[in-house]
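I am opening a notebook on a structure that is new to me, and I mean to write down what I looked up and what I found. The entries follow the order in which I asked.

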Amino acid sequence: MAKTVEPIAKVIYPDLKGKTALVTGAGKSIGRGCVQELVDQGCDIIAVSRTQADLDSLYKQFSDKCHIITKSLDITDWQLVEDWFQTLPPIHFLVNNAAVFYIEQDKMGAKVKKHTEDGLELTVGTNFFGHALLIQSLMSLLKATAKGRR
């Protein structure tokens with residue numbers, strides 16, 4: 001007999017009804033799949049992505065199934081992240097999914113690095129420092145939310 005595997009959301013939070021998740025990188029691929037699974041489990045969503053068009057289609061797909069807030073946000077813009085997160089409702093958990101891998105070549109074939117506003121290489125600025133900033137910015141909000149994961 002085949003053994004069924006419970007969705008990860010049910011393992012972490014058996015009952016997601018009335019819970020709110022903030023999902024970064026929510027517009028595409030794994031992030032969008034996370035949103036789908038969380039919505040299927042009854043969760044409300046705060047979706048963050050760099051691309052407004054992805055968020056618009058995400059909102060259209062899920063707005064009739066849950067309460068969803070979307071925000072086009074570059075998580076490497078530290079001040080914008082800090083300011084926006086001050087306005088958020090209680091969050092029960094965070095799905096840190098945003099990531100980039102940026103390689104561009106000049107006309108001669110040499111690799112060209114792109115940088116954040118703060119001068120960090122974009123891949124490291126997003127995939128490491130951006131997530132560190134998110135966690136730091138949201139820690140007090142997560143702790144203040146009843147039953148928030150710590």
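With which residue does Asp54 form a salt bridge? The model I am reading is a predicted one, and in it I find Asp54 bridged to Lys28, with the closest N and O atoms 3.2 Å apart. I then looked up where the two partners sit, and the pair links distant parts of the chain: Asp54 belongs to helix 3 (residues 52-62), while Lys28 lies in the loop between strand 1 (20-24) and helix 2 (29-40), 26 residues apart. I also checked their exposure, and I note Asp54 as buried because its relative accessibility is 14%, whereas Lys28 has 48% and therefore goes down as partly exposed.

**Entry: the other salt bridge**

I searched the whole structure for salt bridges, and the search gave two. Besides the one above, I find the side chains of Arg50 and Asp74 meeting at 3.4 Å, N to O. This pair, too, links distant parts of the chain, with Arg50 in the loop between strand 2 (44-49) and helix 3, and Asp74 in the loop between strand 3 (68-72) and helix 4 (78-85), 24 residues apart. Arg50 counts as partly exposed because its relative accessibility is 37%, and Asp74, at 26%, is partly exposed as well.

**Entry: the chain as a whole**

I stepped back to the whole chain and counted five helices and six strands in its secondary structure. Read from the N terminus, the elements run α-β-α-β-α-β-α-β-β-β-α. The chain has 150 residues, and 38% of them count as buried. I also looked up how far apart in sequence the contacting residues are: of the contacts with a separation of 6 or more, 60% are between residues 24 or more positions apart.

**Entry: strand 1**

I went on to two residues of strand 1, taking Thr20 and then Ala21. Thr20 counts as buried, because its relative accessibility is 12%. Leaving out residues up to four places away in sequence, I find Thr20 touching Cys43, Asp44, Ile46, Pro90, Ile91, His92 and Phe93.

Is Ala21 buried or exposed? Ala21 is buried, because its relative accessibility is 0%. With neighbours within four places in sequence set aside, its contacts are Leu38, Cys43, Asp44, Ile45, Ile46 and Phe93. I also took down one distance, from Ala21 to Cys34, which are 13 residues apart in sequence and 10.0 Å apart in space, C-alpha to C-alpha.

**Entry: a backbone angle**

I stopped at Ser29, which has its place in helix 2, because most residues other than glycine have a negative phi. The phi of Ser29 is positive, near 45°, and Ser29 is not a glycine. With a relative accessible area of 64%, Ser29 is exposed.

**Entry: the aromatic pair**

How many aromatic pairs does a search of the whole structure find? The search finds one, and it is formed by Trp84 and Phe85, whose rings are 5.3 Å apart centre to centre and tilted, with 45° between the planes. Both Trp84 and Phe85 are buried.

I followed Phe85 further, since its place in helix 4 leads on to the helix packing below. Its relative accessibility is 4%, which means that Phe85 counts as buried. Not counting residues up to four places away in sequence, Phe85 touches Leu22, Leu73, Leu134, Ser137, Leu138 and Leu141. Phe85 and Leu141 are 56 residues apart along the chain, yet their C-alpha atoms are separated by 8.7 Å.

**Entry: helix 4 against helix 5**

At what angle do the axes of helix 4 and helix 5 cross? I find that the axes of helix 4 and helix 5 (residues 122-144) come within 10 Å and cross at roughly 25°. The two helices are therefore roughly parallel, and helix 4 passes helix 5 in a right-handed crossing. On the side of helix 4 the contact is made by Trp78, Val81, Glu82 and Phe85, and on the side of helix 5 by Phe129, Leu133, Leu134, Ser137, Leu138 and Leu141.

Technical notes: Residues numbered from 1 in each chain as written. Predicted model: local features only at pLDDT ≥ 70, side-chain atom pairs only at ≥ 80, totals over all residues. Heavy atoms only, no water. Phe/Tyr/Trp six-rings, centres within 6.5 Å; stacked < 30°, edge-to-face > 60°. Buried < 20%, exposed > 50% of the residue type's maximum accessible area, 1.4 Å probe, protein only. Salt bridge = Lys/Arg side-chain N within 4 Å of Asp/Glu carboxyl O. Helix = DSSP H or I, 4+ residues; strand = E, 2+ residues; numbered from the N terminus. Contact = heavy atoms within 4.5 Å. Axes fitted to C-alpha atoms, helices over the stretch in contact; angles between N-to-C directions. Parallel < 35°, antiparallel > 145°, perpendicular 65-115°, else oblique. Left-handed = near helix turned anticlockwise from the far one by under 90°.
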